[in-house]
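Thanks for coming, everyone. Please pull up the model and keep it open while I talk.

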Amino acid sequence: SQAAGQGDIDSYVSMGIMYLEGKGVKQNYAKALDLFRYAADRDDAQGQTMLGRMYAEGLGVPQNFRMAIELFRKAAETPGIRGDGARNNLKALGIN
C-alpha cells in the first residue's frame, strides 16, 4: 500500500536525521546524505528538504545553494505539512 511505502520512506528520513545530528548513533554526514538522497529520489518532501539543508549548510558536501534551492522548491510543491519545511527554508533564504 502507499501508506506502508510512505512509512518505509519516513524511516529512511528518521535514520538520516539521527546520523545528521548524532542522536543514538555516531554522527555520520555520509550516511545521512545517502538516506536523505534515497527518500528525495522517491519524491519525498522531507527527504528533499533535509538533503537541501545539507547542501545549504555544506554538511558532508560542498555548500551549494543552487542545489539546495532546487531541492527546497521541489519539496515545496508538496501540499500541506509535508511541504512546510521547504517553504519555510525558501522564505528564510528570501525566495518565494
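**The pocket and its surroundings**

Start with the largest pocket: Arg37, Ala40, Asp41, Gln48, Leu51, Tyr55, Met67, Glu70, Leu71 and Lys74 form its lining. Bear in mind that this is a predicted model. The space in this pocket comes to about 160 Å³. H2, H3 and H4 are the elements that give two or more residues to the lining. Which of them gives the most? That is H4, with four residues. Now sort the lining by class. Five residues are nonpolar, one is polar and four are charged.

Take one lining residue, Gln48. Gln48 sits in helix H3. Is Gln48 buried or exposed? Gln48 has a relative accessibility of 2%, so it counts as buried. What does Gln48 touch, leaving aside residues up to four places away in sequence? The list is Ala40, Asp43, Leu71, Lys74 and Ala75. Ala40, Leu71 and Lys74 also appear in the pocket lining.

Two of those contacts bring us to charge pairs. Side chains of opposite charge can pair when their charged atoms come close. The count here is six salt bridges. I will go through three.

Number one joins Lys74 and Asp43, with 3.7 Å between the closest N and O atoms. Lys74 belongs to helix H4, while Asp43 belongs to the loop between H2 and H3. The two are 31 residues apart, and the pair links distant parts of the chain. How accessible are the partners? Lys74 is partly exposed, because its relative accessibility is 43%. Asp43 reaches 53%, and the cut-off for exposed is over 50%, so Asp43 counts as exposed.

Stay on Asp43 for its backbone. What is notable about phi of Asp43? Phi is near 60 degrees, a positive value in a residue other than glycine. For background, most residues other than glycine have a negative phi.

Next comes Asp44 with Arg82. Their side chains meet in a salt bridge at 2.8 Å, N to O. This pair also links distant parts of the chain: Asp44 is in the loop between H2 and H3, and Arg82 is in helix H5, 38 residues apart. The accessibility of Asp44 is 3%, so Asp44 counts as buried. Arg82 has a relative accessible area of 33%, so Arg82 is partly exposed.

The last of my three is Arg53 with Glu57. Their closest N and O atoms are 3.2 Å apart. Where do these two lie? Both are in helix H3, four residues apart, about one turn of the helix. Arg53 is partly exposed at 27%. Glu57 is partly exposed as well, at 44%. Beyond single pairs, there is a network: salt bridges that share partners join Asp10, Asp44 and Arg82.

Now the core. In soluble globular proteins, nonpolar side chains tend to be buried together. How many residues does the largest nonpolar core have here? It has 27. Leu20, Phe36, Leu51 and Met54 are the residues with the most contacts inside it. The elements giving two or more residues are helix H1 (2-21), helix H2 (29-40), helix H3 (45-57), helix H4 (65-76) and helix H5 (81-92). Leu51 is also in the lining of the largest pocket.

Look at Leu20 more closely. Leaving out residues up to four places away in sequence, Leu20 touches Gln27, Tyr29, Ala32, Phe36, Met50, Arg53, Met54 and Leu59. Phe36 and Met54 are two names from the core's top contacts. Arg53 is the partner of Glu57 from a moment ago.

Two spacings to finish. Asp8 is in helix H1. Its relative accessibility is 37%, so Asp8 counts as partly exposed. From Asp8 to Ala39, the C-alpha atoms are 9.2 Å apart, with their positions 31 residues apart along the chain. Then Gly85, which lies in helix H5. Gly85 is partly exposed, at 31%. Gly85 and Phe72 are 13 residues apart in sequence, and their C-alpha atoms are 8.3 Å apart in space.

To recap, keep Lys74 in view: Lys74 lines the largest pocket, touches Gln48 and forms a salt bridge with Asp43. That's my tour; over to you.

Technical notes: Residues numbered from 1 in each chain as written. Predicted model: local features only at pLDDT ≥ 70, side-chain atom pairs only at ≥ 80, totals over all residues. Heavy atoms only, no water. Core = buried A, V, L, I, M, F, W, Y, C linked by side-chain atoms within 4.5 Å. Buried < 20%, exposed > 50% of the residue type's maximum accessible area, 1.4 Å probe, protein only. Contact = heavy atoms within 4.5 Å. Salt bridge = Lys/Arg side-chain N within 4 Å of Asp/Glu carboxyl O. 1 Å grid on protein atoms, 1.4 Å probe; cavity = no way out; pocket = protein on both sides within 12 Å on 5 of 7 lines; lining within 4 Å. Points joined across faces, edges and corners; volume = space filled by probe spheres on them. Nonpolar A, V, L, I, M, F, W, Y, C, P; charged D, E, K, R; others polar.
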